[in-house]
Amino acid sequence: MKKLLNRHETYVFIAVVVFSIIITIINPNFFTLENLFDLLKSYSLMGTFAIGMLFVLISGGIDISFTAIATVAGYTIAVLLLNVGDHLNIYMVFLIAGSIGIALGFLNAVIIHVFRIPSIITTIATLNIFYGLLTVITKGKWLYGFPTWFGDFATTRVFTLYSAHGNPYGLSIITVIWIGLVFISWFLLRFTILGRSLYAMGGNVNSAKRAGFNIFGNTAFVYSYMGLMAGIGSVIQALLVQTVAPNSLVGKEMDVIAAVVLGGASLTGGTGSVIGTILGVTLIAIMGNGLTLMHVPALWYKVVIGLVILISVGVSAYRRKMSAHKRVIIEND
Amino acid sequence: MAESFLSLKQVSKHYVGVTALDKVDFEIYQGEIHCLVGENGSGKSTMIKIISGTEEADIGSWIEIEGKSVHSHKAIDAINRGIQVIYQDLSLFPNLTVAENIAIGQYVANHQKIINWKELHQIAKKAMARINVSLPLDALVSEVSIADQQLVAICRALTHDVKLIIMDEPTSSLTKREVDSLLNVAIDMKTKGIATMFVSHKLNEVLQIADRVSVVRDGRLVGVYPSTELNDEKLTVLMTGKKVEYSRYVARENKNKPILECIGLSRQGEYKDISFKLHAGEILGITGLLGSGRTELALSLFGIHQPDKGQIKFYGQEVVIKSIQDAMELGIAYVPEDRISEGLVNIQSVGDNIIITTIDSLVNRFRLLDKNKIRNSIQKWVKDLSIRIPSAESPVQTLSGGNQQRVVLAKWIATSPKVLILDGPTIGIDVAAKFAIHEIIRDLAQKGLAIIMISEEIPEVFNNCNRILVMHKGMVVREFDTDLTSQDEIGNYVNGTY
C-alpha cells in the first residue's frame, strides 16, 4: 500500500477516476461502453506513438522526428494502396510501413551515436528533412479512395454490440493491435536484459559503459523501435481516417511527449513505465472527450491539457522534494 | 608467508612526454589488505588502470597473477582473473533497485537475455550474505545512503568470482561509523581469501586493518611497510618527501567585541539552541559527524535556510539574514563542502571563477566591464594565494583539488568579507596541499578576518582553531578551548560517547 502511494502512476490513476466521475455526473453518456470503445479506438494512434516515445525517454534521449517518419511511411503505403492496392494485404501494409519506420529511426540513432549530436537537435533536423522532402515531392497532395478491403479492415470488430438506437459498436481490431503492442513493450521493459539496460543507460550512461552494456546497440534499438511505432501508427491513422494528408501528424509531437511525461517518464531518462504511459494517454483522452461531452468549447482544450500537465508534474516534483527533506531529518536522528 | 596473488615487476608507463610510472615493483598476497598511498599525481591511478587492464603497461613490464606471468591483460582479462575495481563514483544506477544493481552485471556477463526476478533477488542475497550485510533489496539506489551505496558496489563485485577488490578513495564521503563498518567488511572478505587494496590519501582509519602499505611518489615506489611501523606523521613524510611541521595556530589576543554572535538559534529537524560568539582574528572550529547539523547551521548563517528561532547579531546589531544577498552585504562569505558542484563553475576559466563574486565592482564609468580591472584583480589573487596554473584562461576542472580550493577561497576573499565560513576546507586534497591551504587560512585570520572552520577531521580543527564547538544530533554538546583538551577527548564528544 505504502509502495503504491510512492508511485507516480497511482496519482495519475486517481486523476483519471476523479475526472471520469465528474464528467459522468455532468453527462452520463460518458460512462457507456459505446463511448469507451470509441475512445479506445480513436486514441490508439496516440497510444502507439507514446509507447515508442517511452522507450526513447527511458534511455535518456528524445525523438521529435517520429511524426515525420510516420508521415513518410503513411504516404508511401497510401501511394502503394492507390496503385497496386489489389495485390496487397493488411500484413504487407504493416510490414512496409514498419520497415520504413525502422530504417528512418535507425538513421537517427546512427547520427546521434556517431556524431555525438544531442538527440533533440538531431531529430529536429531529421524531422525537417523527412517532412520537407516529402512535401517537396508530393506537393502536399491529399490521398484517398483506398481499396475496399482497407476500409473493411478498419471497421472490423472483435465482437459487436448494439446500442439502444440500434447502432452497432464493439472492440475494434485497431484497439486489439494497440493492446498487443502494449503487452510486447511491457514484457521487453520488465523482463529482458535489453529493457533493463535501457533504464540503466538512462540512469547513468558511464556506469552502463563500465558494466559492459552495448550503448550503440541500445541507442539503435530505441530509435528503431520508435520508428517502428511511427510506421505502425501511420497505418492506424490511415485506417482511422481513410485519408493520408502530409500535414495531419507533424505538429503533434509535443502532445505525445506530454502524455508520456504525464505518465511518469522523465526527460532526463531512467524512469517511466508502460502502465504509466497508458494512464497518461488515458488522462489526455478523457479530458478531450469529457470537455466535448460537457459542451466546453474545443478552444479550451489546450488550456486544460496544459494545466493538467503542469499540476501533475508539479505535484510529483514536490513529493520528491519533500521526501528528500524527510531523509535529511531521519539522518539527523 | 602467504602466496602471491598479483605482482607487478619493473612496470613502467610513459605517456607523451610524461613518465607516470618508473619501474615499479608491487605485490599483493592472497587475502591481504593492502594500502596504496600517494599524493595526487604520484602514479597510483595509473597503477590501478594497469592492474584493472584499462591501460597497458610499457614493453619490458611484467605482470604475474597467481605465480604465472600474463601476456595480455585487458579489462575483460582482469575481470576474468578475479580483479574488480570499485571506482570513487561507484558506477551505480541510481534509478534501479539495490537488487538489480548488484545482479545485473552477472546477467550481462553471461549473455542472458531474459530476467528472472526471483533468481535476480537470489543472486543479490547471496552476494550480501558473503559479507554479512543486509540492504533493502527493493529500494532504489538513489534512496539509500552513500555508505549503503558503497556496499551495493562491493556486493556487485562479489557476484563475480573475485579474488582482489580495489577500492579507489572509498572513505572520502563516509562518516566515522560508516568507515568502521566498511573496514569490517574488508576484514570479513579477508577471511574468505579475497584481497582488498585500498587506494587513498586519507589513511588513519585504513591503517588500523591493513597488513602492508605501499607508498608511491613521483611514479616510483618509495617502499613497502608493515602498517604497524607507520603513523600519520611518518606516512606524510614518505608521501611528500619532506617533513611538514604540524604547528598549532595561536590567535591574537582578543578583547574587542564579537563580530558575529548567535543566541539560541534553532531550526526544526536540523539544529537546536546554538549560541556562540566569533571575534576578529579568530578561527572557530565546528566539528561533528555528517548530519550533526554542522553544515545546516552554516547554511543558515549564509541565508540559505532561515532559522525558526533565535537571534543573530552582527557587530552587536540584531540582523535577519533572509538570502545569500543579505549575507554577502553584511560581509559573510561561505565556501561550501562540495566545491565541485556548489563552489565553482567547472568549465569556465580560473579567472572568470575568481571574479564572479566581485564582477559588479569591476566596471568603468559607463558601467561596462573594465578589462584592465578584471585582469589586475585576477593577477592579484592568483599571486596572493599562489594558485599554480598555466594561465588564467585554463578551465577550473583541469586543476588539482588543492588549486581548485584556492580558486574558491580567492573568489570569496575578493569580496573582502568580515566573516568567512569554510565547510570542509580540505576535503579531497592531498597532505601537502592541505598544509598550504591551512597556511592561507591562518594568514587571513592574522589579518583580522573572523573564520568559522567546519570539518569532521579532528586534527584539522584541533591544530587550526582556538575554540571548537562539537555538534551532535543538532546540538552543541561541548565547547573546547584547544589549549585545554586533547584530540581524543574531542573525538569522544563527536561520537557521542562521553
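**A sheet, a covered helix and a chain contact**

Strands β14 (residues 309–314) and β15 of chain B run antiparallel and are joined by three bridges. One residue pair can be picked out here: Lys313(B) has Glu318(B), in β15(B), as its bridge partner. Everything described here comes from a predicted model. Zooming out, this pair belongs to an open sheet of four strands in chain B, ordered β12-β11-β14-β15, with antiparallel pairing. The edges are taken by β12 (271–278) and β15 (317–319) of chain B; each has a single partner strand, so one side of each has no neighbour in the sheet. On average, and ignoring direction, neighbouring strands of this sheet are turned by 25 degrees against each other. As background, the strands of a sheet pair through backbone hydrogen bonds, in either a parallel or an antiparallel way.

Next comes a helix of chain B. Helix α9 (residues 294–301) is mostly covered, with seven of its eight residues buried. The buried set is a mixed bag: Arg294(B), Thr295(B), Glu296(B), Leu297(B), Ala298(B), Ser300(B) and Leu301(B). After α9(B) comes Gly303(B), which has a positive phi, near 80 degrees.

Asn372(B), which sits in helix α13 (residues 371–384) of chain B, is a case of the opposite kind. Asn372(B) counts as exposed because it has just 9 C-beta neighbours inside 10 Å, and the cut-off for exposed is 12 or fewer. Asn372(B) is also a long way from Thr54(B): the two are 318 residues apart in sequence, and their C-alpha atoms are 46 Å apart in space. At the level of the whole chain, chain B splits into domain 1 (4–240) and domain 2 (260–494). The C-alpha centres of these two domains of chain B are 34 Å apart.

Chain A, for its part, has 15 helices and four strands. Its radius of gyration is 21 Å, which agrees with the value near 20 Å for a compact globule of 333 residues. Along the principal axes, the C-alpha atoms of chain A fill a box of roughly 75 × 55 × 35 Å. Buried residues make up 41% of the 333 in chain A. Among the contacts in chain A with a separation of 6 or more, 76% are between residues 24 or more positions apart.

That leaves the contact between the chains. Chain B puts in 22 residues and chain A puts in 20. On the chain B side that touches chain A, the residues divide into ten nonpolar, eight polar and four charged.

Definitions and conventions: Residues numbered from 1 in each chain as written. Chains lettered and ligands numbered in written order. Predicted model: local features only at pLDDT ≥ 70, side-chain atom pairs only at ≥ 80, totals over all residues. Domains from an automatic or database assignment. Helix = DSSP H or I, 4+ residues; strand = E, 2+ residues; numbered from the N terminus. Rg over C-alpha atoms; globule rule 2.2 N^0.38 Å. Buried ≥ 20, exposed ≤ 12 C-beta atoms within 10 Å, placed from the backbone. Contact = placed C-beta atoms within 7 Å. Nonpolar A, V, L, I, M, F, W, Y, C, P; charged D, E, K, R; others polar. Pairing = 2+ DSSP bridges. Axes fitted to C-alpha atoms, helices over the stretch in contact; angles between N-to-C directions.
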